[in-house]
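Biologist: I would like a close look at one part of this structure, with enough of the surroundings to place it. Please keep it plain.

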Amino acid sequence: MTGTEPERPLRTLADDERLARARLAPDVWDWIAGGAGEERTLAANTEAFDHLRLLPRVLTGAQAPHPATKVFGTPWSAPVGVAPMAYHTLADPAGELATVRAAGDVGLPVVVSTFAGRTFEELAAEARAPLWLQTYCFRDRSVTRDLVARAEAAGFEALMLTADAPRLGRRLRDLRNGFRLPPGIVPANLPEADYSSPGAHAATEFDPALDWTVVDWLRSITRLPVLVKGLLAPGDALRALDAGADGIVVSNHGGRQLDGVPAAIEALPPIADAVAGRCALLLDGGVRRATDVLAALASGADAVLIGRPVLYGLAVDGEAGVRHVLRTLCDDLRDALALAGAATVADVDADLLAPPPPRR
Ligand code: FNR
């Protein structure tokens, strides 16, 4: 460390995960940390990053590394956003309010879930970085239409349709725990209903028969850019482009939907090839450190979204905990760019990935 750098805490995101586990009620921990089925995809998301190696360049003359970027023309302080997650209020009573304040301090966007525990209006009043809305599509289209209208009126800047959840994945930890939301944990932006069992609610209220025409419908009810989240197949990425999507999120929902699908980072390169820069390309699932962000950019992503670590930071230390998680990623990204010989995120390309070692 040089004398001019502010002191940085030495807690990694993995440390926060351990601390959060000790603080959360066991069934809430399982709801957040768990995945579907045998959790093979959940494990694959992080393991695939663990096995990637970077190939830095030396003597590049790059100085003052600068992780800032723009998405839809809007500046982000790093190519990192907060993934949509239901009920931040499970991790801390301030919920999404704390997350939005912390992300604003670091200059990073938050994708607010349909099942946020705080209202769009109170979040928008505190926002100092972009807010996007994640939407599910309900059988009753007027529910989705109202959500979108309210978020747009509050100043949200993009709409992200979650496409991989015609119903919730079979999450065995929650089924074994008989998980129900604790009293007082409710979605602040949805009409009154029984939300206590997330799986049962989704099974009756989500539209299970969506097809690509839903993108057109969303575009007809909003002026905001529309992203489609939850794609893993290159053919689906092309369909999303044909349907007029402005962006794609390569994602397996953090291993919470269909178990046995590829890690998000494994699914990314063929999708990046298919899309060829024609829309914004994001990835989520398993990003736990700055070098994972670099690996995702090198594999073709414009930016990544971070899920569980944000809720872990929130559980450990509220708003300050989220700030710590996001700052750690951004500060480490600055270090990693410098050590990789890149000055900006635009300098990161496939050459930064080391070829896989030969199998023995
Ligand atoms: C989620 N995710 C999610 N996705 C979505 O589109 N709408 C939602 O409401 C939620 N809710 C949610 C709750 C919790 C507790 C988790 C852990 C995840 C999925 C999320 O957006 C993202 O795809 C993954 O979390 C990314 O993986 P990592 O970063 O958690 O590994």
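Biologist: What pLDDT does the protein chain average? The part I want examined is helix α4: how many of its eleven residues are buried, and what covers them?

Modeller: This is a predicted model. The protein chain averages a pLDDT of 96, and 98% of the residues score at least 70. For the model, ipTM is 1.00 and pTM is 0.97.

The whole chain comes before the helix. It has 13 helices and ten strands. Its radius of gyration is 19 Å, close to the 21 Å that the globule rule gives for 360 residues, so the chain is as compact as a globular protein of that length. Along the principal axes, the C-alpha atoms fill a box of roughly 60 × 45 × 45 Å. Of the 360 residues, 49% are buried. Among contacts with a separation of 6 or more, 73% join residues 24 or more positions apart.

Now for helix α4, which spans residues 96-106. Nine of its eleven residues are buried, so the helix is largely enclosed by the rest of the structure. Those buried residues start with the run Glu96, Leu97, Ala98, Thr99 and Val100, and go on with Arg101, Ala102, Ala103 and Val106. The cover over them includes three strands, β3 (80-82), β4 (110-112) and β5 (131-135), together with the helices α5 (120-126) and α13. After α4 comes glycine 107, with a positive phi near 80°.

Helix α13, part of that cover, also leads to the nonpolar interior. The largest nonpolar core has 108 residues, and within it Ile248 and Val304 touch the most other members. Helix α13 (residues 308-340) gives the most to this core, with 15 residues.

Isoleucine 248 can be followed further. Leaving aside neighbours within four places in sequence, its contacts are Leu227, Val228, Leu231, Ala237, Ala240, Val275, Cys279 and Leu281. Leucine 281, in turn, sits in strand β9 (residues 280-284). With 25 other C-beta atoms within 10 Å, against the 20 needed to count as buried, leucine 281 is buried. Not counting residues up to four places away in sequence, leucine 281 touches Ile248, Ala272, Val275, Gly300, Ala301 and Asp302. The C-alpha atoms of leucine 281 and phenylalanine 179 are separated by 34 Å, with their positions 102 residues apart along the chain.

Next, the ligand. Of the 23 residues around it, Ala83, Ser113, Thr162, Gly254 and Gly307 come nearest. By type, the shell divides into eleven polar, eight nonpolar and four charged residues.

Two residues that are not glycine have a positive phi. One is histidine 253, with a phi of about 65°. Its place is in the loop between β8 (247-250) and α11 (264-275). Histidine 253 is buried, with 26 other C-beta atoms within 10 Å. The other is alanine 64, whose phi is about 45°. Alanine 64 lies in the loop between α3 (40-51) and β1 (69-71). It is exposed, with 9 other C-beta atoms within 10 Å.

Helix α3 also holds threonine 41. This threonine is buried, having 27 other C-beta atoms within 10 Å. Setting aside residues up to four places away in sequence, threonine 41 touches Gly35, Asn252, Gly255, Asp259, Gly260 and Val261. The C-alpha atoms of threonine 41 and threonine 74, 33 residues apart along the chain, are separated by 32 Å.

Last, a residue with few C-beta atoms around it. Glutamate 7 lies in the segment before α1 (13-23). It is exposed, with 6 other C-beta atoms within 10 Å. From its C-alpha atom to that of phenylalanine 156, 149 residues away along the chain, the separation is 34 Å.

To return to your request: nine of the eleven residues of α4 are buried, and their cover includes β3, β4, α5, β5 and α13.

Notes: Residues are numbered from 1 along each chain as its sequence is written. This is a predicted model: local features need pLDDT of at least 70, side-chain atom pairs count only at pLDDT 80 or more; totals for chains, interfaces and linings use all residues. A residue is near a molecule or strand if its C-beta atom, placed from the backbone, lies within 6 Å of it. Ala, Val, Leu, Ile, Met, Phe, Trp, Tyr, Cys and Pro count as nonpolar, Asp, Glu, Lys and Arg as charged, and the others, Gly among them, as polar. Helices (H or I, at least four residues) and strands (E, at least two) are DSSP runs, numbered from the N terminus. A residue is buried if 20 or more other C-beta atoms lie within 10 Å of its own, exposed if 12 or fewer, and partly exposed in between; C-beta atoms are placed from the backbone. A nonpolar core is a set of buried Ala, Val, Leu, Ile, Met, Phe, Trp, Tyr and Cys residues joined through C-beta atoms within 7 Å. Two residues are in contact if their C-beta atoms, placed from the backbone, lie within 7 Å. pLDDT is the predictor's confidence in each residue, from 0 to 100. The radius of gyration is taken over C-alpha atoms; the globule rule is 2.2 Å times the number of residues to the power 0.38.
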